[in-house]
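Thanks for making time this morning. Please bring up the sequence and the model side by side, and I will talk through one helix and the cavities.

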Amino acid sequence: MSPTHQGPDLYSRAEEAAEAIRRATGDPAPRIAVVLGSGLNGLVERFADRRVVPYSQIPHFPTPTVAGHAGNVVIGSVDGAEAILLQGRFHYYEGHDLRTVTFPVRVLQRLGVQTLILTAATGGVRPELRPGNLVCLSDHLNLIGTNPLRGPNDPRFGERFPDMTEVYSKKLRNSAKEEARRLGVQLVSAVYACLPGPSYETPAEIRMLRALGADVVGMSTAPEAIVARQAGMDVLGLALVTNAAAGVLPSPIRHEDVLEAGARSAPMLGKLIRRVILRVAGVAPGNVGFSGEFPTYRPD
């Protein structure tokens with residue numbers, strides 16, 4: 001049984017977890033949160049004044065089982081703008097149901113988060129995408145086969161039938177593109193296909209995804225985005241292309257390569273996330289008396 005199905009109802013569990021984070025950090029929670037995907041744990045080092053709460057100390061949180069997911073809630077700041085970082089996420093392919101997968105988003109809602117930045121490692125479905133490319137999600141295809149809102153609805157979380165016309169905020173996407181241009185980085189708009197995993201896709205499945213309009217593929221993000229939109233959060237999806245999808249190139253796909261590619265590209269993604277956080281917080285990135293360069297990334 002998943003940890004989030006034990007004990008009281010989902011709303012009460014989310015509030016218990018949120019209260020544990022409040023007690024551990026001692027401060028009101030920031031209104032901006034970032035979920036870090038595979039290979040992106042190094043981004044935590046860019047944040048100052050870090051307060052770390054291991055998932056193991058938060059009621060009803062499972063333990064991540066995937067390499068590259070450290071399992072911590074981190075509250076820190078960049079140039080005075082605070083954010084919550086979720087250092088690791090839970091996946092449907094680990095055996096969790098989608099209520100467990102999206103439980104951290106419910107907790108963020110109880111903490112008062114209004115802007116959620118989701119990051120992910122993805123495979124490039126579009127032939128011209130290569131490892132190291134940064135993409136901004138414009139939409140997604142939820143191909144997991146179920147929906148995180150399925151089942152009884154608690155109106156305290158949001159409405160029963162939330163609109164998904166604009167899952168990924170157009171305003172945030174425009175901000176991210178503007179900041180990417182200032183950094184001299186190409187940020188490609190992309191439709192994300194979410195499959196259940198854990199096996200990587202076959203070449204035939206990649207051809208199917210391409211026909212459906214997908215540009216990148218992964219095994220996360222879409223369920224979290226759906227729940228965040230029900231909660232009324234503004235969502236931004238930023239992804240690294242860490243490998244060409246099956247059949248695009250002749251070489252096989254290995255998770256170790258995904259982590260390595262994420263580590264190489266993390267510094268630039270970190271710069272972009274920093275600038276987006278500052279914009280959301282109302283601090284102009286060029287007016288903070290800081291060059292914007294992060295220390296050289298060194299893999300853990």
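Why is helix α3, residues 103–111, largely enclosed by the rest of the structure? Eight of its nine residues are buried, so the rest of the structure largely encloses α3; buried here means under 20% relative accessible area with a 1.4 Å probe, protein chains only, and helices are DSSP runs of H or I of at least four residues, strands runs of E of at least two, numbered from the N terminus.

Before going on, I should say that this is a predicted model, in which local features need pLDDT of at least 70 and side-chain atom pairs count only at pLDDT 80 or more, while totals for chains, interfaces and linings use all residues. Residues are numbered from 1 along each chain as its sequence is written, and side-chain values use heavy atoms, with hydrogens and water left out.

The buried residues of α3 are F103, P104, V105, R106, V107, L108, Q109 and L111, and they pack against α1, β1, β4, α2, β5 and α6. After α3 comes G112, with a positive phi near 95°.

As for the whole protein, it has seven helices and nine strands, and 55% of its 300 residues are buried.

P104 and V105 also help to line the second largest cavity, together with V35, L86, G88, R89, F90, V101 and E224. A cavity, on a 1 Å grid over the protein atoms alone, is a set of points where a 1.4 Å probe fits but cannot get out, and lining residues have an atom within 4 Å of a point.

Notes: Buried < 20%, exposed > 50% of the residue type's maximum accessible area, 1.4 Å probe, protein only. Contact = heavy atoms within 4.5 Å. 1 Å grid on protein atoms, 1.4 Å probe; cavity = no way out; pocket = protein on both sides within 12 Å on 5 of 7 lines; lining within 4 Å.
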